[in-house]
Amino acid sequence: MRTRSMGTALPRTATRVALGLALLAVPATAVAATATSADHRRPATAHAASHAARAATGLDDPAKKEIAMQLVSSAENSSLDWKAQYKYIEDIGDGRGYTGGIIGFCSGTHDMLELVELYTRRKPDNVLAEYLPALRAVDGSDSHEGLDPGYTKAWRKAAQDPAFQQAQNDERDRVYFDPAVKQGKADGIGVLGQFAYYDAIVMHGDGDDRTSFSNIRRRALAKAKPPAQGGDEKAYLDAFLDARVWAMKQEEAHSDTSRVDTAQRVFLKKGNLDLHTPLDWKVYGERFHID
């Protein structure tokens, strides 16, 4: 299932700094006074430090990002081999025209057009460039006019080109991955939460639709505060997943919520907020494992 709402979506781990041995030169009385003051402030300080640590933990760490790609691919393609999906393209009958590539770029939701435009800027003489007028014409609809019969064959040929593969990677990051991680870090949530954001924006986009990512997040914020606002991370993520399930059920193509119920919710219940491996989950009844 490679589906999103019709709305258009538009530094690694923190360094630890040692304070050195300066306290050794401070008189004992001063140290004692400082300690008393520090003890008085400790709960608030620890609270803030905890939030900073959560926000600093990133899904953009290469190992974590690879896990994210596999998790999404398990739901979108029933496979952990996400790199095999560069060549994928079909019309799945969801009203979004052709769906293709590693993240389900759609001819009806603008992101496929932007992908082919990027590829053509980088490599003007490519097999998809001739379809740009047609992609512009069908944008916002499920029409294949001007694309059939050769577009899908051209897409699969382009998918053998490392330049097209890189364009897919870059557009995935620009439109979906990077905004999700950035918002997740701003909300003080860790890797699992950042992944929940990413998976939501992949499926629903981030347009004005009531089921878009921003509106899912807004619905969650009405129920719980994220860590950056002093809330409990698990409680907030539970509220976000509730909102996500609600959004999925608004559309028949999304009504199977197992990618949340038997995957993300499982990790949350286990307290695996940083997606530490090994991971075991199910999507649409199929079992998956990452060592």
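**Exercise 1. In what order do the 3 strands of the open sheet lie, and in which sense do they pair?**

*Solution.* Before starting, note that this is a predicted model, in which local features need pLDDT of at least 70, side-chain atom pairs count only at pLDDT 80 or more, and totals for chains, interfaces and linings use all residues. Residues are numbered from 1 along each chain as its sequence is written, and side-chain values use heavy atoms, with hydrogens and water left out.

Step 1: the order in the open sheet is β1-β2-β3, and the pairing is antiparallel. Strands (E, at least two residues) and helices (H or I, at least four) are DSSP runs, numbered from the N terminus, and two strands pair if DSSP finds at least two bridges between them.

Step 2: β1 (89–90) and β3 (105–106) are the edge strands, each pairing on one side only.

Step 3: β1 pairs with strand β2 (residues 99–100) over 2 bridges, and Thr99 in β2 is the bridge partner of Glu90.

**Exercise 2. Describe the surroundings of Ser74, which is found in helix α2.**

*Solution.* Step 1: Ser74, in helix α2 (residues 62–77), has a relative accessible area of 1% and is therefore buried, where buried means under 20%, exposed over 50%, and partly exposed in between (1.4 Å probe, protein chains only).

Step 2: leaving aside residues up to four places away in sequence, Ser74 touches Ser79, Leu80, Trp281, Val283 and Phe288, a contact meaning heavy atoms within 4.5 Å.

Step 3: strand β4 (residues 279–283) and strand β5 (residues 286–290) pair in the antiparallel sense over 5 bridges, and they form a hairpin with 2 residues between them, where Tyr284 in the turn has a positive phi of about 55°.

Step 4: Ser74 and Tyr284 are 210 residues apart in sequence, yet 9.4 Å apart in space, C-alpha to C-alpha.

**Exercise 3. Which residue forms a salt bridge with Asp173, and are the two buried or exposed?**

*Solution.* Step 1: side chains of opposite charge can pair when their charged atoms come close. A salt bridge is a side-chain nitrogen of Lys or Arg within 4 Å of a carboxyl oxygen of Asp or Glu, and the count comes to 16.

Step 2: the side chain of Asp173 meets that of Lys65 in a salt bridge at 2.9 Å, N to O. This pair links distant parts of the chain, with Asp173 in helix α6 (residues 162–186) and Lys65 in helix α2, 108 residues apart.

Step 3: both Asp173 and Lys65 are buried.
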